[in-house]
Amino acid sequence: MNKFKGYTDGACSGNPGPGGWGVVLLAEDDGMVTKRKELSGGKLDTTNNQMELKAAIEALRALRRKTIITLITDSIYVQKGITEWLPNWKKNNWKTSSKKLVKNKELWQELDLLVSNHLVTWEWVKGHAGNPENERADRLATGEIRKLTKIEK
């Protein structure tokens with residue numbers, strides 16, 4: 001069975017401000033990359049965390065059937081949110097441990113639903129530390145910001 005890796009990244013110029021997300025999806029068979037797909041998009045008024053979440057959402061949305069995938073993110077917010085914080089948020093009616101409403105609730109709900117359709121493991125990687133696929137996802141995300149800010153002017 002093919003396994004996938006998805007490198008995801010989000011970026012924002014200002015916070016909030018114009019933002020972009022990028023994804024590098026790799027299909028692997030016996031450790032060899034057999035297929036590569038790059039995705040990206042952006043939004044004029046967003047936050048860095050929203051773009052990080054959107055990247056993970058779009059990576060999973062691109063999968064056509066139930067898939068074994070490792071999602072690799074440089075966002076501790078996404079990685080800890082999905083693996084540690086989400087169960088308690090759901091149990092506490094989308095409130096944090098300090099009883100505040102969870103920010104980006106709709107994006108978290110969408111990500112949670114997509115995760116339930118696949119066999120997902122999560123890895124955190126330090127951003128801007130030379131991981132080629134993470135760097136590529138970052139360039140895709142920042143490229144979207146450049147496109148948006150050119151349009152805006």
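Biologist: What makes the residues around W122 its contacts?

Modeller: Contact means heavy atoms within 4.5 Å, and W122 touches A56, L71, V78, Q79, I82, T83, L111 and V115 by that test, leaving out residues up to four places away in sequence. This is a predicted model, where local features need pLDDT (the predictor's confidence in each residue, from 0 to 100) of at least 70, side-chain atom pairs count only at pLDDT 80 or more, and totals for chains, interfaces and linings use all residues. Residues are numbered from 1 along each chain as its sequence is written, and side-chain values use heavy atoms, without hydrogens and water.

Biologist: Why is the set with L25, L60, W108, L111 and W122 called a nonpolar core?

Modeller: The name fits because such a core is a set of buried Ala, Val, Leu, Ile, Met, Phe, Trp, Tyr and Cys residues joined through side-chain atoms within 4.5 Å, buried meaning under 20% relative accessible area with a 1.4 Å probe, protein chains only. The largest one has 29 residues, and those five have the most contacts inside it. Its largest share, seven residues, comes from α1. Apart from it lies another core of seven residues, including Y7 and L140.

Biologist: How do you know that the lining of the second largest pocket divides into six nonpolar, six polar and two charged residues?

Modeller: Ala, Val, Leu, Ile, Met, Phe, Trp, Tyr, Cys and Pro count as nonpolar, Asp, Glu, Lys and Arg as charged, and the others, Gly among them, as polar; sorting the lining that way gives six nonpolar, six polar and two charged.

Biologist: How confident is the predictor in the chain?

Modeller: The chain averages a pLDDT of 94, and 97% of the residues score at least 70.

Conventions: Buried < 20%, exposed > 50% of the residue type's maximum accessible area, 1.4 Å probe, protein only. Helix = DSSP H or I, 4+ residues; strand = E, 2+ residues; numbered from the N terminus.
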